[in-house]
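Please open the structure in your viewer and keep the selection tool at hand. We will go from one stop to the next, selecting a piece each time and looking at what surrounds it.

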Amino acid sequence: MNRCLELAAKGLGKTYPNPMVGSVIVHKDTIIGEGWHEKSGSPHAEVNAVASVKDKSLLRDSTLYVNLEPCAHYGKTPPCAELIVKHQIANVVIGCVDPFSEVSGKGIELLRIAGINVTVGVLKDECEESHKRFFTFHNKQRPYIILKWAETKDGFIAPKNQELGKPFWITSLESKKLVHKWRTEEASILAGTRTLEMDNPMLTARLWEGNQPLRLIIDRNLRLSKGLNVFDDSVKTIVFTEKFRQNTDFTEYQIINFNSLQKEMMEELYKRNIHSIIIEGGRETLQSFIDIDLWDEARVFVGSKTLSDGVPAPQLMSSKKTRDCIATDQLVVHFK
C-alpha cells in the first residue's frame with residue numbers, strides 16, 4: 001500500500017477533479033504490475049496496473065492493491081470494479097472507501113458479489129490523507145482550503161507605507177519556488193483587492209512547470225485597474241463582485257453576497273467542481289477565513305527580515321503544526 005501511495009502522488013495537481021490513485025498488482029510476493037491515475041479523463045490506476053501485466057493469466061492468482069475503493073460507475077471511463085471482475089483477480093486490498101455517492105461502498109459490494117476476497121482499511125489514515133482534497137470536497141461540500149502567507153521575524157507581512165505595485169519580499173528565492181510548485185498542485189488561487197493593488201501579483205506558477213490554477217479575485221466594487229497582471233488574459237480568472245460587468249474570454253464576473261462572502265465563495269466553487277484553493281491574500285482576507293474557522297491548512301513562512309512596524313501577520317492558533325527550514329526561512333504548517 002505504501003507503493004500505491006508513492007504512485008498516487010505522481011498525479012498531484014494533474015488529476016483534478018479526480019482523486020490521486022495508485023495501484024499495485026502482486027503475484028506470489030512479486031510485483032507484476034503497477035499504475036496510477038495520470039490525469040482526468042485518462043485511464044484509472046487499476047486500468048493502468050492491469051495493462052502493465054505482461055502475462056494476464058497470472059491475475060487469477062494475484063492481489064491488487066489500491067489506495068481508494070475502485071469505482072463502480074460509468075464516468076469518462078468504465079468502472080474499474082468491473083475490470084477487476086472481468087480478469088477474475090483473486091484478492092483486492094483497499095486503503096479506504098470512496099466518499100463519492102456514486103461509488104461509496106458500491107465498488108466493494110460489486111467485487112464481493114463476484115466472489116473476490118476484499119480487504120478494506122490497510123493504511124487507512126495515510127490513504128485518507130492522500131485524498132484530503134477529494135474527501136473534503138465530497139464530505140464538506142467545499143474545496144480544501146490552504147491559507148498561505150509570509151511574515152517577518154517580528155510578525156509583520158508588509159511595511160506600513162508600502163510603495164504601490166512593488167511587493168515587499170520577505171522570503172528567499174527557494175521559498176518562492178516552493179510556492180510556485182504549490183500553485184501547480186491546487187485547482188485555484190485567491191487574492192483580495194488590497195493585495196492586488198499593492199503587490200500587483202500574477203497569481204501564476206512561473207518558477208515551476210505544471211498546471212496553472214484558476215485565478216480568483218475579490219473586487220466588491222470593481223475598483224481594480226484592468227492593467228493589473230491578473231487581467232493579462234493568460235489564465236482563466238473569476239472576479240467575485242457585487243457589480244455587473246460583461247464577461248470576457250478569460251475573465252468572468254460572478255456576483256455574490258458579500259455579507260457572507262467567504263462561505264458563498266466556497267459554495268460557488270463547489271458548484272463549479274473546484275476541489276482545492278490556496279489563499280494568498282493580505283491580512284484582512286486571510287484573517288476573515290481564520291475568524292470563521294473556514295480553513296484546513298495554513299502554510300506560513302517566517303523570514304529572517306524584521307520591520308519593527310508594519311501590517312501585522314494574521315493571528316492563528318493551532319495545536320497541530322510542523323516546522324521545516326527552507327534556505328534562510330522557517331516554514332510552519334498548521335493543521336486543523
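The tour below moves from a sheet to one of its strands, and then on to two helices.

Before selecting anything, keep in mind that what you see is a predicted model.

Begin with the sheet, which is open and has nine strands in the order 11-10-9-8-12-6-13-16-15, with mixed pairing. If you select residues 251-255 and then residues 320-326, you have strand 11 and strand 15, the edge strands, each of which pairs on one side only. On average, neighbouring strands of this sheet are turned by 20 degrees against each other, when direction is ignored. As general background, strands of a sheet pair through backbone hydrogen bonds, either parallel or antiparallel.

Next, select residues 214-218, which form strand 9, together with residues 188-191, which form strand 8; the two run parallel and are joined by four bridges. Within this pair, you can find Ile189 opposite Arg215, and Leu190 opposite Leu216. Now add residues 237-241, which are strand 10, and you will see that strand 9 runs parallel to this strand as well, again with four bridges. Here the bridge partner of Leu216 is Ile238.

Stay with strand 9 a little longer, and ask how many of its five residues are buried. Five of the five are buried, so strand 9 is largely enclosed by the rest of the structure. To follow this residue by residue, colour Leu214, Leu216 and Ile218 on one side, and then Arg215 and Ile217 on the other, since both faces are covered.

To see how the chain passes between strand 8 and strand 9, select residues 193-199, which are helix 8; strand 8, helix 8 and strand 9 make a right-handed β-α-β unit.

Now select residues 283-291, helix 10, which lies across strand 6, strand 8, strand 9 and strand 12, and which runs at about 135 degrees to strand 6.

The last stop is helix 6, residues 132-140, which is mostly covered, with seven of its nine residues buried. These are Lys132, Arg133, Phe134, Phe135, Thr136, Phe137 and His138. What do the buried residues of helix 6 pack against? Show helix 5 (124-130), helix 7 (173-185) and helix 9 (261-271), and then strand 6, strand 12 and strand 13 (297-302), because contact here is counted between heavy atoms within 4.5 Å, and the buried residues of helix 6 pack against each of these elements. Finally, step to Gln141, which follows helix 6 and has a positive phi, near 55 degrees.

Notes: Residues are numbered from 1 along each chain as its sequence is written. This is a predicted model: local features need pLDDT of at least 70, side-chain atom pairs count only at pLDDT 80 or more; totals for chains, interfaces and linings use all residues. Side-chain values use heavy atoms; hydrogens and water are left out. Two strands pair if DSSP finds at least two bridges between them. Axes are lines fitted to C-alpha atoms, for helices over the stretch in contact, and angles run from 0 to 180 degrees between N-to-C directions. Buried means under 20% relative accessible area, exposed over 50%, partly exposed in between (1.4 Å probe, protein chains only). A crossover is right-handed if, with the strands pointing away from the viewer, the path from the first strand over the helix to the second runs clockwise.
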